[in-house]
Amino acid sequence: MKFIQTLLANQVLVSILLSALPLVFIVLMVLVVLYTEMKVAAHIQDRVAYMRTGWHGVLQPIADMLKLLQKEDIIPTKADNVLFRVAPFIAFTGTYVAYAVLPFSSIYIGSNINLGAFFLVAAGSLVVIGILMAGWASNNKWSLFGGIRSAAQMISYEIPTALGVVIVVMITGSLNLQDVTKFQDGGIGNWIVFGGPLPWTQKFMLMPFTLVTFIIMFVASIAEVNRTPFDLPEAESELVQGFNTEYSGMRFAMFYLSEYANLFTVSAVVVSLFLGGWSSPFATFMSGPIWGVFWFVGKAYIFMLIQIWLRWTLPRLRVDQLMFVSWKVLTPWLFVCLFAVGLILVI
Amino acid sequence: MSALGTYFYNIFHSLYTVIVGMKITIRHLFTRSATVQYPTVKMKIPERARNRLFVNIDDCIGCDQCSIACPVDCITIETIKSTPDMDLGMTSKNTKKRLYVPRFDIDIAKCCYCGLCVWPCPTECIVMTDVYEFAEFDRQNLIYSFSNMTVEEIAAAKERLEKYNGEQAVKKAAAAKESPASISIVPVTPPPINPEPPAVPDSSKV
Amino acid sequence: MIINMGPQHPSTHGVLRLEIVVDGEIIVDCIPHIGYLHRCFEKHCEQMTNYQQVIPYADRMDYCSAMTNEWAFALAAERMLKIEVPERVEYIRVIMAELQRIASHLIAVGTYGIDSGAFTPFLYTFIDREKILDLFEMTCGARLLYNYIWIGGLSHDLPVNFIEQAKDFIKYFRPRIKMLNDLLTYNEIFVKRTANVGVLPKDVAIHYAVSGPQLRGSGVNWDLRRDDPYSVYHKLDWQPQIGKGEVGTVGDCWDRHIVRMREMEQSLNIIEQAIAGLPEGNVKAAIPKRIRPEKDAEIYVRTEASRGELGYYIISDGTASPFRVKARGPAFVNLSVLPEIARGGLIADLVLTAGSIDIVLGEVDR
C-alpha cells in the first residue's frame, strides 16, 4: 500500500500512467470498432461475417491484430529509408496526441489546457505529414497519388472543421473542451445542437444554424478520416490501398490503428462540441463521473455506427468533386452560420 | 435554372438521394442473411447436377465412346479382347461383354464437367454424380482409376489372348493348306511355258 | 508520367494491362495491352473430333454469359447444315439467353458499383444472380458453363418445376431492379461521377464498330435481335433501350449504365412472354447424328450477346471437325474505343469508363 502511495505521489510517474490510459483505451476500442464494422457491413450486405473464431467471431479482431504483428516486415529496396520507417509512427502520433484533450469524464481529461479545441485541429495536421511521407517514400506511383490526394483532402477539410469549432466557441466562450462540456451539462435541452443553455428566444433563433453546423462538421470529420464517400486516398478499387500499398505487418497495423483511432477522435470531438460530451441527456439521472465515460463513449460509438453505415451505402467522390464540396459548399454555409450566430448572440 | 438555383438543387437532391440509399441499407441490416454456414450446413444440389464422374466398371463394355466424345481427352481406356471360352458376364442392359478393360483412367483435374461422355455410353455406366467436395493435396490423386483388374488378371488375359491368336493363326494356316480355294500367303509358282500358242477365238462365233 | 494499371488490379475486370500516360491526374493517353488470358480457343476448335465438342469451349470464351456464346455457335452450325429446330427449342433458347443476359448485366452493374466505391450493390446483385444460376443448375446441371444449347436442339428439356420457379424469380426481381436504381443509379454521388464522363459520340461509336449496350448508350437505335432477327424475337413484344443523355451528354457512362438496367427489365418481359407462349415438342428431335457440312461451306452468323454483337465465322472442309472457327468477340471491339474516350479525364474517370465498357477478358483474349 505504501509502495503504491509513493508511486502515486511521484508526479512524473502519474502523468505517464495517465497518458498511457488512452493508449489502452485505443487498443480496446479499435478491437470493438473493427468487430462492429465487419459485422454491420456484413449484415447490410445480407451475409454474416466472422462466425468461426469465438462465438459469432468476437475473437476475430484479436486474431487480426496477432496476424499483423507476426507478419514479415517488407521494405521495398528503393524506398526512402528513414521516411518509410518513420511515416506510420508520425501518423499514429498525430492521432494519439489528440486524445490528450478529449474530456472523457468530468474528472478525467488527459491535459486540461485552455486551448483544447485549437490543439485538436493542429494535431490533426500531423497526420497529413505522416500520410504524405508514406506516399512519397514508398517509391510507388500509386502510393504517391494516394498521398497527394490525401494531403489535399485533409488540408481542405480542416477549414470547415475549424470554422465549426469557432461557432461553438462563440456560443460557449471557451476553447477548453472540458468547459464546453460543462456548459452543456444539465439535460438534452442544453446541448449546443439544440441551441445551448440560453434563453428561449435566442435558442430558437440559434437552433437551425447550430443544426446545420453540426451536420457540416460531421461531414467534414468524415472527410478528415478518409472514409467513404471521401476515401479517395485509399480507394480500394483504384489504388489498391493508396498510400498503404507497400506497408505490411506492424507498420500497416499502425496506419490501421491510426485510422480507427482518428475515427473515434472526430466522433468524440463532434460529440463534445455539439452533443454534450459526458453529460447525460436526462439531467441528473445516470450522471456522475463514471457514467460520464459511458455517455461519452456511447455517443461517440453511435456516430461511428453512422459513419460505418455511410461507408457501405455511398459511392466515393472524385478528387475535384471533393474539393468542390469542401470549398464551395461546406465553407460558404459555415460562414453564413458564423455570421448568423454572431448576430444572434449579440442581439 | 440559374447557376445559384442549380447549386441549391444539387445540395438538396444529394442529401435526398443519400437518405434514400441509407434507408435501403438500414432495411437490409435487419433482413435474414442470404448465406449459409457452409461446412456445417450444405445447400441442396439438384438431381441433374454435373459434378464428379463415376464409372460403374462392371457395366463397361469398353466401347471407347466416352473417350472419343471427351473434348479435353481426359479419359484413357485400354482394352483386351476376350477369348470365346471366357465368359465376362452381362451388363445391366443384358448385352454380352466381350472386352476386358484393364485401364480406365479419368483425370478429373482435366475434366471440364461438360457431360459429353455421359450421352454416348450404351450401358449408362459413366454418370456425373453430385459430389463436389473432392479436393486433394496431391495432383496425382486426382487421376481416378476405375478398372478393377489386378496385375495378374491382366497378364493372364493377355496371355490367353496371345495363345488364342496363336492357335487361330495355326488353324488358318492348316486350313489354307487343305483347300486350294483358300487365300494363303504361300508364293504362287509360275505356270509352265506352253510350247503351243493359245487358240485364237473364232470371231465368227461371237 | 507513365503509370501502369497492371494486369493484377482490383478494378480492371480481369487481366488487362492499361498503360496510362498522365499529366498530374489528367490522362493524356491510354494504351491497353491484352493477351494475358489467351487460351487458343480458335485453334482448339480445329482439333475437336466433331462440332458438338466445340460447345464446351465456346462456353468458356465469355464465361459470364455462356448461353449466348453457345447459341451463336449452334446457330452458325445449324445454318450451315440447314437444320430447322423445333419451336419449343427456340422458345427455351430465348428464355435461357434472356436469363443469361440478366445475370451478365447483374455482374456488370455490381462490379461497376465497386469501381465507383459502393460495395453493397455488388452483393445484392449476386444474391439475385444466385436465383438465376439455381434455375440453370436445375435444368442442365451446371451453374456457369452449361454445354446446354447443342447443335440442333438442347441437351435437356425443362424440368417440371422450372416454369413455376422462373415465374417466382420474375416476381422477385422486378422490385429489386427498383431498389438497385434507388441505391446506385440515381444516387447523386454516382450520377456526378458518371455523367459527362467517357462520352462516346454516335459517329465514333459507329466507326469503331462497337455494339451492344455501349452502342445503344450512345443513342444508336440498333439491336440485332430486332434488326437482324433470329429465333422468335420478332414474335415477342419488347423494345431496345437507348441512352438519351438524361443526366449529362448522350453516350456518357451513366447512359450505358441505365441502358443495362433497363435492358434487364425488358429481358424480364421477354421471359414472361416466352413462358406464356411455350409450345410442346421434343427438344432433341432435330439433333443430327453426324455433323458433316459440305466441303468449302463457310458462314458468318451474328447474335446479340450480353456485351454486343457476337459472331462466329466457320469454314468447313467436309470433315467432322471445322477447318477454321473465328469468333468475333464484342468485348474485344468495344475495348478498342477506350483510348479515344478516356483522354482528358482523370484517373478516377478511367476506372469508371473502363468499367462501363463491361469487358470480360475471356472474350477479349479468347
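The following exercises, each with a worked solution, concern helix packing, a chain contact and nonpolar cores in a predicted model.

**Exercise 1.** Determine how helix α1 of chain B is oriented relative to helix α6 of chain C, and which residues meet.

*Solution.*
Step 1. Locate the helices: α1(B) covers residues 3–29, and α6(C) covers residues 162–185.
Step 2. Consider the geometry. The two helices pack at an angle of about 130°, and their axes are 8 Å apart.
Step 3. Classify the angle. Because of this angle, α1(B) is oblique to α6(C); roughly antiparallel would require an angle over 145 degrees.
Step 4. Assign the handedness: the crossing of α1(B) past α6(C) is left-handed.
Step 5. Identify the residues. From α1(B) come B:V20, B:G21 and B:I24, which meet C:M179, C:D182 and C:L183 of α6(C).
Step 6. Sort this contact by class: four residues are nonpolar, one is polar and one is charged.

**Exercise 2.** Carry out the corresponding analysis for helices α4 and α5 of chain C.

*Solution.*
Step 1. Helix α4(C) spans residues 87–116, while α5(C) spans residues 120–140.
Step 2. Their axes cross at roughly 165° and come within 8 Å.
Step 3. The limit for roughly antiparallel is an angle over 145 degrees, and α4(C) is therefore roughly antiparallel to α5(C).
Step 4. The contact includes C:L99, C:I102 and C:L106 of α4(C), and C:F122, C:F126 and C:R129 of α5(C).
Step 5. By class, the contact of α4(C) with α5(C) holds eleven nonpolar, four polar and two charged residues.
Step 6. In handedness, α4(C) passes α5(C) in a left-handed crossing.

**Exercise 3.** Describe the side of chain C that touches chain A.

*Solution.*
Step 1. Count the residues: 24 of chain C are in contact with 21 of chain A.
Step 2. Find the helices that contribute. In chain C, α4, α5, α7 (188–194) and α14 (347–357) each supply at least two residues of this side.
Step 3. Divide the residues of this side of chain C by class: 14 are nonpolar, six polar and four charged.

**Exercise 4.** Which residues have the most contacts inside the largest nonpolar core, and which helix gives the most to this core?

*Solution.*
Step 1. The largest nonpolar core has 202 residues.
Step 2. Those with the most contacts inside this core are A:F274, C:A72, C:F73, C:A76 and C:A77.
Step 3. Helix α9 of chain A (residues 249–274) gives the most, with 15 residues.
Step 4. Examine one residue: beyond four places away in sequence, C:A76 touches C:I299, C:V301, C:Y312 and C:I314.
Step 5. A second, separate core has 22 residues, among them B:L53, B:C74, B:C111 and B:C114.

Technical notes
Residues numbered from 1 in each chain as written. Chains lettered and ligands numbered in written order. Predicted model: local features only at pLDDT ≥ 70, side-chain atom pairs only at ≥ 80, totals over all residues. Axes fitted to C-alpha atoms, helices over the stretch in contact; angles between N-to-C directions. Helix = DSSP H or I, 4+ residues; strand = E, 2+ residues; numbered from the N terminus. Parallel < 35°, antiparallel > 145°, perpendicular 65-115°, else oblique. Left-handed = near helix turned anticlockwise from the far one by under 90°. Contact = placed C-beta atoms within 7 Å. Nonpolar A, V, L, I, M, F, W, Y, C, P; charged D, E, K, R; others polar. Core = buried A, V, L, I, M, F, W, Y, C linked by C-beta atoms within 7 Å. Buried ≥ 20, exposed ≤ 12 C-beta atoms within 10 Å, placed from the backbone.
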